Amino acid sequence: MVYNLGAQQIETITKEYDMQPAKRLSNLPPYLFAQLGQRIAELRKQGVDVIRLDIGSPDMPPDDEIIESLARSARQSDRHGYAGYYGLPELRRAIADYYTRRFGVDLDSEGEVLPLIGSKEGLANLSLAFLDPGDVALVPDPAYPTYELGAYLAGGTTHRFPLLAERDFLPDLAAIPVEVARQAKLFWLNYPNNPTGAVASLEFFTEAVAFAREHDLLLCHDAPYCEVTYEGYRPPSLLQVEGAKEVAIEFNSFSKTYNMAGWRIGMAVGNRAALKALGQVKTNVDSGIFTAIQEAALVALTSDQTWLEGRNAIYQERRDIILEGLAAVGIKAHKPLATLYIWAEVPEGYSSAEFADKLLTEKGVSLTPGSAYGEYGERYLRASVGMATSRVREAMDRLKEFKF
Ligand SMILES: Cc1ncc(COP(=O)(O)O)c(C=O)c1O
């Protein structure tokens, strides 16, 4: 808990010890998840059985073969040194092969693939690689917070463009002011989308690549949910767009695809110059990924993938339980074809934080207020399927008894 501090608490403590953290820290917005975590800890102390549907993490383990590989590698005496900056060549080749097999995208494993310590690390470091103080990044609203926080850490700023229900949570690129687009350096997109659960077609990606080309932007597509899908849906990669590699990189991850969120391994692929710049930051701030984890990731990519279908079927059942529960109490929700998330509309008369807090306090069910993802998230709540099915069911039973 001690580490879950808000900006104000940090300020109080640092004043007490006369320490002056960099101004860039005071520019960071309060991290809503830390506050929520604190509130849940308090309630649990009081004996409340809290069901956390606010967590965006897989609740199930990876396949046994992956765990066995980690254990085997960890027992080898030569696997414990620094692993090198750019990942094992075999892993980079396996990532390239995955892109060919899954998307028909050819990647040179010697320059177009960069393993990461989880994709979040790469998202944040990319801003350090490309933004100087005052530079602008185009960021969706709502969005996973790291795109914006990375820009702030680099001293840059963001222009946020809305993702609206009436456009199926795809941005209206023509509505981004031309002078803003011209001034910006990075352009972030994320499909399948956290938090809205929306998906994007190859046609939309084609439009986005053209927009990036026209305005001289580095298009950064974040795709960690591309294998967490329902009803047989198969999301495209942005790199399938002809010529995309000239202006774009794609982030991907083992966290959600293989239930390896805590293992910290992901990748960036695509534009060679962008990956070189990202690699340059990384060589100065980290020292590579534990070899045993890289070897297990290699096993994850190259072993039989059918277990993912069973895992997705479990998520889909939970998705449907949540959709049914929300509908039963008159809360409108968007049915996702991918991701761990259901994006539900806040009932009239409440802000997203008020409703989430009332449900948490009165029924011990935690949903994430949409305001955590930006101004355009304010009318929404996010529910996650990363929780045991029996608990998801119980959460929906409690919701049905909730008076609001
Ligand atoms: C959209 C999005 N990008 C990136 C991440 C971070 O994933 P990783 O575990 O690979 O750092 C998450 C995690 O929730 C996410 O939702």
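**Patch, ligand and backbone**

Colleague: Which helix gives the largest share of the negative patch, three residues?

Modeller: Three residues, the largest share of the negative patch, come from one helix (helices, H or I, have at least four residues and strands, E, at least two, both being DSSP runs numbered from the N terminus): α4 (residues 64-74). This is a predicted model, in which local features need pLDDT of at least 70 and side-chain atom pairs count only at pLDDT 80 or more, while totals for chains, interfaces and linings use all residues. Residues are numbered from 1 along each chain as its sequence is written, and side-chain values use heavy atoms, with hydrogens and water left out. The helix asked for is α4.

Colleague: Which residues gather in the patch of negative charge, and where is D304 found?

Modeller: A patch takes residues with over 30% relative accessible area (Shrake-Rupley method, 1.4 Å probe) and no salt bridge, joining like charges within 9 Å and nonpolar side chains within 5 Å. Asp and Glu count as negative, and their charges are placed at CG and CD. The surface patch gathers D64, E65, E68, D304 and E309. D304 lies in the loop between α12 (291-302) and α13 (307-328).

Colleague: How much of the accessible area of the ligand does the protein cover?

Modeller: Around the ligand there are 15 residues (each with a heavy atom within 4 Å), and among the closest are D222 and Y225. Polar contacts (N or O atoms within 3.5 Å) link ligand oxygen atoms to the side chains of N194 at 2.7 Å, S255 at 2.6 Å and R264 at 2.7 Å. Of the 400 Å² of accessible area that the ligand has on its own, the protein covers 93%.

Colleague: Which element gives the largest share of the shell around the ligand?

Modeller: Two or more residues of the shell come from each of α6 (119-130) and α10 (254-257). The largest share, three residues, belongs to α6.

Colleague: How many residues apart in sequence are the parts that the pair K245 and E112 ties together?

Modeller: The whole structure holds 28 salt bridges (a Lys or Arg side-chain nitrogen within 4 Å of an Asp or Glu carboxyl oxygen). In one of them, K245 and E112 meet at 3.0 Å, N to O. K245 is in the loop between β6 (218-222) and β7 (248-253) and E112 in the loop between α5 (89-103) and β2 (113-116), so the parts tied together are apart in sequence by 133 residues.

Colleague: What is omega for the peptide bond that joins N194 and P195?

Modeller: Most peptide bonds are trans. P195 lies in the loop between β5 (184-190) and α9 (202-215). The bond from N194 to P195 is cis, with omega about 10°.

Key:
Polar contact = N/O pair within 3.5 Å; in protein donor to acceptor, adjacent residues only side chain to side chain.
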